[in-house]
Amino acid sequence: MKAKKILAAVTALSLTTVVFASCGDSADSSSTPAATTTTAATTTTAATTTTAATEDSAATGGGAGDSAVAADSTADSKTTGGDSDYTPVKTFEGYDAFLMFGDGEWLWGNWEGQGEPEATKAFGVDADITGDGEYTVSITNASISYDDPDEGINPQIALDGDYAVGAEGCVVMCVDILGLLKGDKLKGTGDPKTDKETPGKYNADDLKVELKSIKADGQEVAFDKAKIKYGNIEDNNNCYRIEIYNDYGDTAKDSPIDKDNLAFEDSLEITFSIEGLSE
């Protein structure tokens with residue numbers, strides 16, 4: 001396997017772990033993922049990978065309307081690293097939804113939505129939630145290894161040339177939707193679609209959200225739908241979250257997925273449906 005071949009070539013490895021934990025609460029869960037900083041240099045790339053992930057991050061979007069699918073996400077065609085394969089979408093008509101993810105080594109890190117102001121940890125293919133329907137959010141090899149002209153390359157990957165080493169395992173896998181919920185603790189006064197502390201329009205209990213599928217390199221990943229957590233899970237934002245797995249959440253105690261055997265090289269896709277939006 002490519003990842004194992006590359007890891008075998010590692011000549012220097014320095015690990016520094018910084019955990020940023022905050023507690024959240026909801027009817028479903030009280031959890032907030034944490035952050036780790038990882039630095040790894042390989043002889044093939046001399047790449048440096050640094051994880052600076054905080055779970056204050058919230059949602060982003062890229063496909064719109066009923067049965068919308070994020071345009072840059074390719075479940076059955078292999079993607080390659082490089083700027084030409086991925087162009088981030090940073091402007092949204094509706095609500096920004098994104099796939100928050102870190103693999104077992106906190107690599108393939110995607111911690112913010114593309115639509116968030118001054119986002120520096122956003123490397124996903126997001127979905128633009130413009131109304132009731134089915135949406136897909138993803139991360140791809142091209143997106144995760146994108147060299148942003150403003151922010152630079154994702155510091156939280158290991159590279160083989162311009163191609164990210166495949167992901168193995170999982171510490172966080174969530175979908176966050178920014179700007180949706182009224183919440184009951186934070187009362188900011190900005191635009192809820194870009195300010196996570198400003199209440200949105202909806203109560204979590206009035207929305208019907210369902211995880212439809214998880215695909216790794218286009219292949220279905222089994223999950224126990226009864227163990228998925230939904231709602232305003234964190235107490236430091238007004239985001240709507242689908243918590244599939246979180247090392248620092250309730251799903252760590254009773255995981256819906258076999259996180260240790262999760263592996264992919266090209267893409268991870270999450271499809272979900274939402275009902276109850278008035279737009």
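Let's begin at one ring: Lys193 sits over the face of Tyr95, 4.8 Å from the ring centre. The model you are looking at is predicted, so every distance here is computed from that model.

Tyr95 also has an aromatic partner, Tyr202. A pair of aromatic rings is described by the distance of the centres and the angle of the planes. For Tyr95 and Tyr202, the centres are 6.5 Å apart and the planes stand at 70°, so this pair is edge-to-face. The two residues belong to distant parts of the chain, 107 residues apart. Tyr95 is in strand E3, which covers residues 95-102, while Tyr202 is in the loop between strand E11 (172-177) and strand E12 (208-216). Are these two residues buried or exposed? Both Tyr95 and Tyr202 are buried.

How many aromatic pairs does a search of the whole structure find? The search finds 6 of them. Elsewhere you can look for an aromatic cluster, formed by Phe101, Trp108 and Phe264.

Now step back to the whole chain. The protein chain has 2 helices and 17 strands. Its length is 279 residues, and 54% of them count as buried. Among contacts between residues at least 6 apart in sequence, 73% join residues at least 24 apart. On the outside, the accessible surface of the protein chain is about 11,500 Å², and carbon and sulfur atoms account for 47% of that surface.

For a close look at a single residue, try Thr271, which is found in strand E17 (residues 267-275). Why does Thr271 count as buried? Its relative accessibility is 12%, and buried means under 20%, so Thr271 falls in the buried group. Setting aside neighbours within four places in sequence, Thr271 is in contact with Glu134, Tyr135 and Thr136, and also with Glu210, Leu211, Lys212 and Ser213.

Finally, there is the empty space inside. Rolling a probe the size of a water molecule over the atoms shows where empty space is left. In the whole structure, a search finds 2 cavities of 30 Å³ or more. The largest cavity holds about 70 Å³ of space. Which residues line the largest cavity? Its lining includes the aromatic residues Tyr86, Phe123 and Tyr146, together with Pro88, Lys90, Gln114, Ala119, Thr120, Lys121, Ala122, Asp148 and Glu151.

Methods. Residues numbered from 1 in each chain as written. Predicted model: local features only at pLDDT ≥ 70, side-chain atom pairs only at ≥ 80, totals over all residues. Heavy atoms only, no water. Phe/Tyr/Trp six-rings, centres within 6.5 Å; stacked < 30°, edge-to-face > 60°. Helix = DSSP H or I, 4+ residues; strand = E, 2+ residues; numbered from the N terminus. Buried < 20%, exposed > 50% of the residue type's maximum accessible area, 1.4 Å probe, protein only. Lys NZ or Arg CZ within 6 Å of the ring centre and 35° of its normal. Contact = heavy atoms within 4.5 Å. Areas by Shrake-Rupley, 256 points an atom, 1.4 Å probe, with all protein chains shown as cover. 1 Å grid on protein atoms, 1.4 Å probe; cavity = no way out; pocket = protein on both sides within 12 Å on 5 of 7 lines; lining within 4 Å. Points joined across faces, edges and corners; volume = space filled by probe spheres on them.
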